[in-house]
Amino acid sequence: MKNNLIMLSLAGLMIFAQACSKDDDNQITIQEHDKNQMMSIMHIMMEKMMTMQKTNDPDNDFAMMMKMHHQGAIDMSNDELKSGDDALMKKTAQMIIDAQTEEIAQLTFFLNSHPAHANVPELGMQQMANMERSGKITDLQIINGDIDHDFAMLMIQHHQSAIENASLELIYGQEESMKSLAKNIITAQDKEIKDLHAWIISDGK
């Protein structure tokens, strides 16, 4: 696991170094995580998810966790719309807000109409492991205080975490509505990850 985290950190460094190649001094600027608004939003989201009261019903726990996760993405996207400069990143942020606000409504409706009844405790352990790993990877991300860059970098990891949780729903879930939503999340966010990677490399921030 430690080696995997190191490799991910090095991969992020290589991407960022390539993106910085257009700069005259060719230096990488890094901002302290505690001073970064985007990182603060990620940390607040993770703290809420880690303290979620699990039911051990895979569909209900997926829905509760994804509501918190989506709200984190919406908060980050609102910050991008407020403070960002790049037109493509602002467009991406609005797309995320629109899509995930609609999905939160679906998740809320499901939770209000589906009392937890299944008992799959091993899922909770895997969800916790995923969140802990995601938190560690997030803390390895290179952020520089440029709102557009930091939004893109952290949203990549945010989406990857969502894909991991959605993949667990496909394995353990029992309700077709939640499994279908999980498939949609995986498809949409995998595409957005690719688009965000491409922007980081081509934009030079």
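Student: In which helices do arginine 133 and glutamate 164 lie, and how far apart in sequence are the parts this pair ties together?

Tutor: This is a predicted model. In it, the side chains of arginine 133 and glutamate 164 meet in a salt bridge, 3.3 Å from N to O. Arginine 133 sits in helix α5 (residues 121-138) and glutamate 164 in helix α6, so the pair ties together parts of the chain separated by 31 residues.

Student: Is arginine 133 buried or partly exposed?

Tutor: The cut-off decides this: buried means under 20% relative accessible area. Arginine 133 has 22%, so the residue counts as partly exposed. Its partner, glutamate 164, has 21% and is also partly exposed. For arginine 133, the answer is partly exposed.

Student: How many salt bridges does a search of the whole structure find?

Tutor: One is the pair of arginine 133 and glutamate 164. Another joins lysine 194 to aspartate 190, at 2.5 Å from N to O. Aspartate 195 also bridges to lysine 191, with the closest N and O atoms 2.8 Å apart. The search of the whole structure gives three.

Student: Which helix holds both lysine 194 and aspartate 190?

Tutor: These two residues are four apart, about one turn of the helix. Aspartate 195 and lysine 191 are likewise four residues apart, and they lie in α7. Lysine 194 and aspartate 190 both belong to helix α7.

Student: Is lysine 191 exposed or buried?

Tutor: Exposed means over 50% relative accessible area. Aspartate 195, at 40%, is therefore partly exposed. Lysine 191 has 51%, so this residue is exposed.

Student: Which side chain of opposite charge is nearest to glutamate 192, and how far away is it?

Tutor: Glutamate 192 lies in helix α7. The residue is buried yet has no salt bridge. A salt bridge needs nitrogen and oxygen within 4 Å. The nearest side chain of opposite charge is lysine 191, at 7.5 Å.

Student: Which residues does glutamate 192 contact, leaving aside its neighbours within four places in sequence?

Tutor: Glutamate 192 is in α7. Two other helices meet through residues that include Ile96 of α4 and His159 of α6. Beyond its sequence neighbours, glutamate 192 contacts Ile96 and His159.

Student: At what angle do α4 and α6 pack?

Tutor: From α4, the contact uses Met89, Thr92, Ala93, Ile96 and Gln100. From α6, Asp148, Phe151, Ala152, Met155 and His159 take part. The crossing is left-handed. The axes are 10 Å apart, and the angle is about 35°.

Student: Which residues does phenylalanine 151 touch, not counting residues up to four places away in sequence?

Tutor: Phenylalanine 151 is one of the α6 residues in the contact with α4. Its partners include Met89, Thr92, Ala93 and Ile96, which are among the α4 residues in that contact. The full list is Met38, Met76, Ser77, Glu80, Met89, Thr92, Ala93 and Ile96.

Student: Which element gives the largest share of the largest nonpolar core?

Tutor: This core has 29 residues, and Met76, Phe151, Leu154 and Met155 touch the most other members. The elements giving two or more residues are α2 (37-50), α3 (58-83), α4 (87-113), α6 (147-172) and α7 (176-203). The largest share, eight residues, comes from α6.

Student: How many residues make up the second, separate core?

Tutor: Its members include Ala63, Leu107, Ala166 and Met178. The total for this second core is eleven residues.

Student: Is isoleucine 142 buried or exposed?

Tutor: Isoleucine 142 lies in the loop between α5 and α6. Its C-alpha atom is 8.9 Å from that of leucine 154, twelve residues apart along the chain. The relative accessibility of isoleucine 142 is 8%, so the residue counts as buried.

Student: Which phi value does asparagine 56 have?

Tutor: Asparagine 56 lies in the loop between α2 and α3. It is partly exposed, with a relative accessible area of 23%. Asparagine 56 is not a glycine, yet its phi is positive, about 70°.

Student: How many helices and strands does the protein have?

Tutor: Along the sequence the pattern reads α-α-α-α-α-α-α. Of the 205 residues, 46% are buried. Among contacts between residues at least 6 apart in sequence, 78% join residues at least 24 apart. The count is seven helices and zero strands.

How values were computed
Residues are numbered from 1 along each chain as its sequence is written. This is a predicted model: local features need pLDDT of at least 70, side-chain atom pairs count only at pLDDT 80 or more; totals for chains, interfaces and linings use all residues. Side-chain values use heavy atoms; hydrogens and water are left out. A nonpolar core is a set of buried Ala, Val, Leu, Ile, Met, Phe, Trp, Tyr and Cys residues joined through side-chain atoms within 4.5 Å. Buried means under 20% relative accessible area, exposed over 50%, partly exposed in between (1.4 Å probe, protein chains only). Contact means heavy atoms within 4.5 Å. Lys and Arg count as positive and Asp and Glu as negative; His and the chain ends are not counted. Axes are lines fitted to C-alpha atoms, for helices over the stretch in contact, and angles run from 0 to 180 degrees between N-to-C directions. A crossing is left-handed if the near helix is turned anticlockwise from the far one by less than a right angle, and right-handed if clockwise.
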